[in-house]
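Could you walk me through this structure in my viewer, one selection at a time? I am new to it and would like to know what to click on next and what is there.

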Amino acid sequence: MKTEIPSINTGRLTLRPLCAADAQALFHIYQQEGVLRYFPNTKPPALERIEGFITSQQAHWEKFGYGNWGILPDGRENIAGWVGLQFLPELDETEVGFLLGKNLWGLGYATEAARASIQFGFENFKLDHIIALVHPDNLASRRVIEKCGLSYIDRLHLWGIDLLRYSLVAANKGRVLTAPGMDGR
Ligand SMILES: CC(C)(COP(=O)(O)OP(=O)(O)OC[C@H]1O[C@@H](n2cnc3c(N)ncnc32)[C@H](O)[C@@H]1OP(=O)(O)O)[C@@H](O)C(=O)NCCC(=O)NCCS
């Protein structure tokens, strides 16, 4: 049976499953100057690769129960980017990631979408923490990550580039759970 990918309304955005028809919109977004500037591969991908990414996301949802969504701002027909959670076997950790078309930068959309993704992850899965990986010079993304409450952990070399790793520990980690009547009060 296929996993039913949920849609989430975050206020100004709908995070909804990626579908084959989104490839064209993502193709145009990747062509925009600067969008891939801080990615391991800065060359805009061919349409076929984007179709492969969309298919791989369906498989990721099937396997882990979470993955990337398309970001649909209110009143728009086409997605403006993607956001969500990915399991990284290289690190054995789950990462929050996001990418938006340039015309919608600076509106707080990435922060809104990333916060909803993190909340979805912690509420539905036993993740003890979620990380974010970012190029040191990607100041806008670092700011988004910090606004989502993640803290800097370390610097690592992955996929051929240097990246900063940030992490947010699940809220209930480390809290001592006390049964009613057993806390001495
Ligand atoms: C990074 C990205 C997702 C940010 O999206 P966004 O919707 O503009 O982000 P938000 O509006 O939620 O927040 C951006 C923050 O960065 C700040 N910012 C933007 N450019 C900045 C810069 N050059 N230096 C410092 N801060 C900057 C903004 O002022 C804002 O912070 P504030 O709310 O405190 O004012 C978007 O630029 C993007 O898609 N870039 C290309 C893909 C990418 O790099 N993805 C991340 C990979 S780790």
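## First stop: two loops

Start by selecting Trp159, which is found in the loop between strand 7 (151–158) and strand 8 (161–169). Before going further, please keep in mind that this is a predicted model. Trp159 has a positive phi of about 55 degrees although it is not a glycine. Most residues other than glycine have a negative phi. Is Trp159 buried or exposed? Trp159 counts as exposed, because it has 10 C-beta neighbours inside 10 Å and the limit for exposed is 12 or fewer.

Now select Asp92, in the loop between strand 4 (81–88) and strand 5 (93–100). Asp92 is not a glycine, and its phi is positive, near 55 degrees. With 7 other C-beta atoms within 10 Å, Asp92 is exposed.

## Into strand 8

Go back to strand 8 and pick Ile161, which has its place there. Ile161 counts as partly exposed, with 15 C-beta neighbours inside 10 Å. Which residues does Ile161 touch, not counting those up to four places away in sequence? They are Pro40 and His135. Select Tyr38 as well: Ile161 and Tyr38 are 123 residues apart in sequence, and their C-alpha atoms are 9.2 Å apart in space.

## Helix 1 and its two sides

Next, select residues 23–31, which form helix 1, and colour its buried residues: Leu26, Ile29 and Tyr30. They lie on the same side of helix 1, because they cover an arc of only 95 degrees around the axis. Add helix 2 (47–64) and strand 4 to the view, and you will have what the buried residues of helix 1 pack against. Then turn to the other side of helix 1, where His28 and Gln31 are exposed.

## Helix 4

Helix 4 (139–147) is the next selection. Its buried residues include Ser141, Val144 and Ile145. Seen down the axis, the buried residues of helix 4 fall within an arc of 100 degrees, so they line one face of the helix. Their packing partners are strand 5, helix 3, strand 6 (129–134) and strand 8. Just after helix 4, click on Gly149, which takes a positive phi of about 95 degrees.

## Around the ligand

Keep helix 4 on screen and show the ligand. Which residues come nearest to the ligand? Of the 19 residues around it, they are Ala110, Thr111, Leu139, Ala140 and Arg143. Strand 5, helix 3 and helix 4 are the elements that give two or more residues to this shell. Helix 4 gives the most, with 5 residues. Try colouring the shell by class: 13 of its residues are nonpolar, 5 are polar and 1 is charged.

## Last stop: the core

Finish with the largest nonpolar core, which has 37 residues. Ile71, Val83, Ala113 and Ala114 are those with the most contacts inside it. Which element gives the most to this core? Helix 3 (residues 109–124) does, with 6 residues.

Zoom in on Ala114 to end the tour. Leaving aside neighbours within four places in sequence, Ala114 is in contact with Val83, Val96, Phe98, Val144 and Cys148. You have met Val144 already, among the buried residues of helix 4.

Definitions and conventions: Residues numbered from 1 in each chain as written. Predicted model: local features only at pLDDT ≥ 70, side-chain atom pairs only at ≥ 80, totals over all residues. Core = buried A, V, L, I, M, F, W, Y, C linked by C-beta atoms within 7 Å. Buried ≥ 20, exposed ≤ 12 C-beta atoms within 10 Å, placed from the backbone. Helix = DSSP H or I, 4+ residues; strand = E, 2+ residues; numbered from the N terminus. Contact = placed C-beta atoms within 7 Å. Near = placed C-beta within 6 Å. Nonpolar A, V, L, I, M, F, W, Y, C, P; charged D, E, K, R; others polar. Arc of directions from axis to C-beta.
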